[in-house]
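Please consider the model below with attention to how its strands are arranged and where open space remains among them. The explanation begins with one strand and proceeds outwards from there.

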Amino acid sequence: MLGSESDDFVREYEVADATDLLQLHDLICEDLGYDPFNFSSFFAADSGWNKLQEYTLEDMQDCDAGIAALPMEAVRLSDVLAAGISRLIFVFDMLSARELFLEVIDFKQEAAGAVYPRVVLSAGTPPAQAEGGLEADENDPFSDMMEEFADFEGMEDDGFGDDF
């Protein structure tokens, strides 16, 4: 697994054949110190790292936006690989579109007595996950708009004594 924010960050994981994407998600979050409840997704990716099928934490089957996202817990990594996909993009910060890139590089027989999933290589500092999924940015137009909305709603003292 690599990230685009740091040249020295790399992780290698070994997982059992029956590992589902939710278990992989939990491994990554635990290893990198990420909040596992922040909204995140995996995407199957082609050889050019273009996003294909999405796999989400929550079941999003009711969405009408083209190909329905599948829940992570319902998809085994081996099923994704059997479909000819060896690359995944892990979007760990949906609001900032921050991503990590995973590629299956080898298939091995599970070692007797080994505990899976496990981290086999850990180098560099992972990119930090934004708290609550959103970092405050003073140049962000959305933040400016919300400040103006707060003014409108009487959330700041305007001196008229009409706060409810």
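In this predicted model, strand 6 is largely enclosed by the rest of the structure, because seven of its seven residues are buried, that is, each has under 20% relative accessible area. Strand 6 covers residues 87-93.

Which strands pair with strand 6? Strand 3, residues 41-45, is joined to strand 6 by five bridges, and the two run antiparallel. Strand 7, residues 98-103, is also antiparallel to strand 6, and six bridges join this pair. The residue F90 illustrates both pairings: F90 in strand 6 is the bridge partner of F42, and L100 in strand 7 is the bridge partner of F90. Strand 6 and strand 7 form a hairpin with four residues between the strands, where A97 takes a positive phi near 55°.

These strands belong to a chain with three helices and eight strands. Read from the N terminus, the order of the elements is β-β-α-β-β-β-α-β-β-β-α. Of the contacts in the chain with a separation of 6 or more, 61% are between residues 24 or more positions apart. Buried residues account for 31% of the 164 residues in the chain, in which setting the burial of seven of the seven residues of strand 6 may be read. The area exposed by the chain is about 10,600 Å², with 52% of it supplied by carbon and sulfur atoms.

The next topic is the space left open. Rolling a probe the size of a water molecule over the atoms shows where empty space is left. The largest pocket has a volume of about 910 Å³. Its lining consists of 34 residues, and those closest to the centre of the pocket are Y13, E14, V104, I105 and D106.

Which elements supply at least two residues each to the lining of the largest pocket? Strand 6 and strand 7 are among them, together with strand 2 (10-14), helix 2 (77-82) and strand 8 (118-123). Strand 2 provides the largest share, with five residues of the lining. By residue class, the lining of the largest pocket comprises 21 nonpolar, three polar and 10 charged residues.

Strand 6 thus links the two parts of this account: it is paired with strand 3 and with strand 7, and it also supplies at least two residues of the lining of the largest pocket.

Terms used. Residues are numbered from 1 along each chain as its sequence is written. This is a predicted model: local features need pLDDT of at least 70, side-chain atom pairs count only at pLDDT 80 or more; totals for chains, interfaces and linings use all residues. Side-chain values use heavy atoms; hydrogens and water are left out. On a 1 Å grid over the protein atoms alone, a cavity is a set of points where a 1.4 Å probe fits but cannot get out, and a pocket is an open set with protein on both sides within 12 Å along at least five of seven lines; lining residues have an atom within 4 Å of a point. Grid points are joined across faces, edges and corners, and a volume is the space filled by probe spheres set on the points. Ala, Val, Leu, Ile, Met, Phe, Trp, Tyr, Cys and Pro count as nonpolar, Asp, Glu, Lys and Arg as charged, and the others, Gly among them, as polar. Buried means under 20% relative accessible area, exposed over 50%, partly exposed in between (1.4 Å probe, protein chains only). Two strands pair if DSSP finds at least two bridges between them. Contact means heavy atoms within 4.5 Å. Accessible areas come from the Shrake-Rupley method with a 1.4 Å probe; for residues, only the protein chains shown count as cover.
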